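Hi there,

Here is the structure I promised to pass on to you. Please open it beside this email and follow along as you read.

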Amino acid sequence: TTTAFDGNLPSGVKLDFAPDGVETKLVGFITDASQAIDKKVWFDFDRLNFKTGSADLTEDSMAQVQNIYEIMKAYPAVSLKIGGYTDNTGNPDINRQVSGDRAKTVEAKLVELGIDASRLASEGYGDQHPIASNDTAEGRAMNRRVSVSVRAK
């Protein structure tokens, strides 16, 4: 059985996070021995934002990047892949480029904070793998995301 994540990491760091946020899902997956590594299992960042049309993180996004850093520091066997996604509006090639640049930005920030680059990978998927309909504004907003997948734990 898994216990609810209270924000306390084995490293002694206590995270400031949303109870249903990516941190809870990520730590739950990492610590649940019954959860096998699966390239199809992704967790969406919920407080990660970029300046419009760019790969520049907004200032308020750094708290979540810092949390992912702390989780990786507390679980040194963990490797992650960062995936960037867009909706289907605009040029697909540009969307793939922007989504890749955004995923790389998150990867680079984690390396900058001290995570070994060999524990990280990133890729932009553009409008591939939508999680909602691109026919509504709400669906398009859900499809514009950055996600994380555990590749080793």
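**Salt bridges and a buried phenylalanine**

Arg145 is buried, with a relative accessible area of 9%. Please keep in mind that this is a predicted model.

Which residue does Arg145 pair with in a salt bridge? The partner is Asp44, and the closest N and O atoms of the two are 3.6 Å apart. Arg145 sits in strand β4 (residues 145–152) and Asp44 in strand β1, so this pair ties together parts that are 101 residues apart in sequence. Unlike the buried Arg145, Asp44 counts as partly exposed, at 29% relative accessibility.

The structure holds eight salt bridges, so let me walk you through a couple of others.

One of them joins Glu23 and Arg47, whose side chains meet at 3.2 Å, N to O. Glu23 belongs to helix α1, while Arg47 is in the loop between β1 (43–44) and α2 (62–74), so the bridge ties together parts that are 24 residues apart in sequence. Is Glu23 buried or exposed? Glu23 is buried, because its relative accessible area is 0% and buried means under 20%. Arg47 is partly exposed, with a value of 25%. There is a further partner to look for here: Glu23, Asp46 and Arg47 are linked in a network of salt bridges.

Another bridge is formed by Glu123 and Lys81, with their closest N and O atoms 2.6 Å apart. This pair links distant parts of the chain, as Glu123 is in strand β3 (residues 120–124) and Lys81 is in strand β2 (residues 79–85), 42 residues apart. Lys81 counts as buried at 13% relative accessibility, whereas Glu123 is partly exposed at 35%.

Now to the phenylalanine of the heading. Where is Phe5 placed along the chain? Phe5 is in the segment before α1 (22–31). With a relative accessible area of 16%, Phe5 is buried. Leaving aside residues up to four places away in sequence, Phe5 touches Leu15, Phe17, Glu23, Thr24 and Val27. You will recognise Glu23 from the salt bridge with Arg47. Try finding Gly28 as well: Phe5 and Gly28 are 23 residues apart along the chain, and their C-alpha atoms are separated by 7.0 Å.

Happy exploring!

Best wishes

Technical notes. Residues numbered from 1 in each chain as written. Predicted model: local features only at pLDDT ≥ 70, side-chain atom pairs only at ≥ 80, totals over all residues. Heavy atoms only, no water. Helix = DSSP H or I, 4+ residues; strand = E, 2+ residues; numbered from the N terminus. Buried < 20%, exposed > 50% of the residue type's maximum accessible area, 1.4 Å probe, protein only. Contact = heavy atoms within 4.5 Å. Salt bridge = Lys/Arg side-chain N within 4 Å of Asp/Glu carboxyl O.
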